[in-house]
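Welcome, and thank you for opening the viewer. Please have your selection tool ready, and we will go from stop to stop together.

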Amino acid sequence: MSRSAYQASRAYDRSQLAATVFGLELDRRLRAAASPVLSVVAHPGMSRSNLNPRAYQDRGGFERLVARTVLWFLQSSSEQGALPQLHAATAPEVSGGQFFGPSGFKEVRGRGVKEARLGAVAADPGSGQRLWTAAEELTGVTYL
């Protein structure tokens, strides 16, 4: 909901943070309502896909070169990037309110899955309450 200059990377980062915060707040609300439903959050790290170069196709030559170089340090495939989500959805030991990502360097890539680090904003229950309230006000939908 940028009100001034739009920056794609900033909007993407904020949307990912909001999805994480919302998923964690949903789990808190489900537990408070004694629901058997879980809310679990996962991220793919940075996966090599056709989307990466497209994000930079309208940029200058140097930024396109950087984007192509960075591809070598990302997950080797979209399938590998899907592992944290598959783990979150299917592993029997998963409990609500967890956050999963790749097990490798800085959670950018990895052949395994681990519980990921949450930033201070994502871990703060106050952030979740504020986002939930804003979502209710913006959508006109109240639930839990």
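Is Phe-22 buried, exposed or partly exposed? Select Phe-22 and look at its surface: with a relative accessible area of 33%, Phe-22 is partly exposed. Before we move on, please keep in mind that this is a predicted model.

**Stop 1: an aromatic pair**

Keep Phe-22 selected and add Trp-132. A search of the whole structure finds one aromatic pair. Its members are Phe-22 and Trp-132, whose ring centres are 4.8 Å apart and whose planes meet at 10°, so the pair is stacked. Phe-22 belongs to helix H1 and Trp-132 to helix H7, so the pair ties together parts that are 110 residues apart in sequence. If you are wondering how to describe such a pair in your own notes, two quantities are used: the distance of the centres and the angle of the planes. Now look at Trp-132 alone: its relative accessible area is 6%, so Trp-132 counts as buried.

**Stop 2: along helix H1**

Next, select residues 8-32, which make up helix H1. This helix has 25 residues and reaches 36 Å from its first C-alpha to its last, close to the 36 Å expected at 1.5 Å a residue. Just past its end, click on Ala-34, which follows H1 and has a positive phi, near 55°.

Which residues of H1 are buried? Colour these to see them: Thr-20, Val-21, Gly-23, Leu-24, Glu-25, Asp-27 and Leu-30. What do they pack against? Show strand S1 (41-42) and strand S2 (99-102), then helix H6 (120-123) and helix H7 (125-139), and you will have the partners of these buried residues on screen.

**Stop 3: salt bridges in H1**

Stay with H1 and display its charged side chains. How many salt bridges does the structure hold? There are four, and our tour visits some of them.

Begin with Glu-25, which is buried because its relative accessibility is 4%. Glu-25 forms a salt bridge with Arg-28, with the closest N and O atoms 3.0 Å apart. These two residues both lie in helix H1, three residues apart, about one turn of the helix. Arg-28 is partly exposed, with a relative accessible area of 26%.

Now add Arg-29, which also forms a salt bridge with Glu-25, the closest N and O atoms being 2.8 Å apart. Here the spacing along helix H1 is four residues, about one turn. With Glu-25, Arg-28 and Arg-29 all shown, you are looking at a network of salt bridges.

Then select Asp-27 and Arg-31, whose side chains meet in a salt bridge (2.7 Å, N to O). They are four residues apart in helix H1, so about one helical turn separates them. Which end of this bridge is buried? Asp-27 counts as buried, at 0% relative accessibility, whereas Arg-31 is exposed, with a relative accessible area of 54%.

**Stop 4: a nonpolar patch on the surface**

Switch on the surface and select Phe-62, Leu-65 and Val-66. Together they form a nonpolar patch with about 320 Å² of accessible area. Zoom in on Phe-62, which is found in helix H3 (residues 61-70). Phe-62 is exposed, with a relative accessible area of 63%.

**Stop 5: a buried loop residue**

Select Gln-98, in the loop between helix H5 (83-90) and S2. Gln-98 is buried, since its relative accessible area is 12%. Which residues is Gln-98 in contact with, leaving aside its neighbours within four places in sequence? Show Leu-24, Ser-39, Val-40, Val-41, Glu-93 and Glu-115 to see these contacts.

**Stop 6: Ser-103**

Finally, go to Ser-103, in the loop between S2 and strand S3 (113-115). Ser-103 counts as partly exposed, at 34% relative accessibility. Draw a line from its C-alpha to that of Lys-114: the two residues are eleven apart in sequence and 5.1 Å apart in space. Not counting residues up to four places away in sequence, Ser-103 touches Arg-109, Gly-110, Arg-111, Gly-112, Val-113 and Lys-114.

Conventions. Residues numbered from 1 in each chain as written. Predicted model: local features only at pLDDT ≥ 70, side-chain atom pairs only at ≥ 80, totals over all residues. Heavy atoms only, no water. Expected span 1.5 Å × (residues − 1). Buried < 20%, exposed > 50% of the residue type's maximum accessible area, 1.4 Å probe, protein only. Contact = heavy atoms within 4.5 Å. Patch = residues over 30% accessible without salt bridge, like charges linked within 9 Å, V, L, I, M, F, W, Y side chains within 5 Å. Areas by Shrake-Rupley, 256 points an atom, 1.4 Å probe, with all protein chains shown as cover. Phe/Tyr/Trp six-rings, centres within 6.5 Å; stacked < 30°, edge-to-face > 60°.
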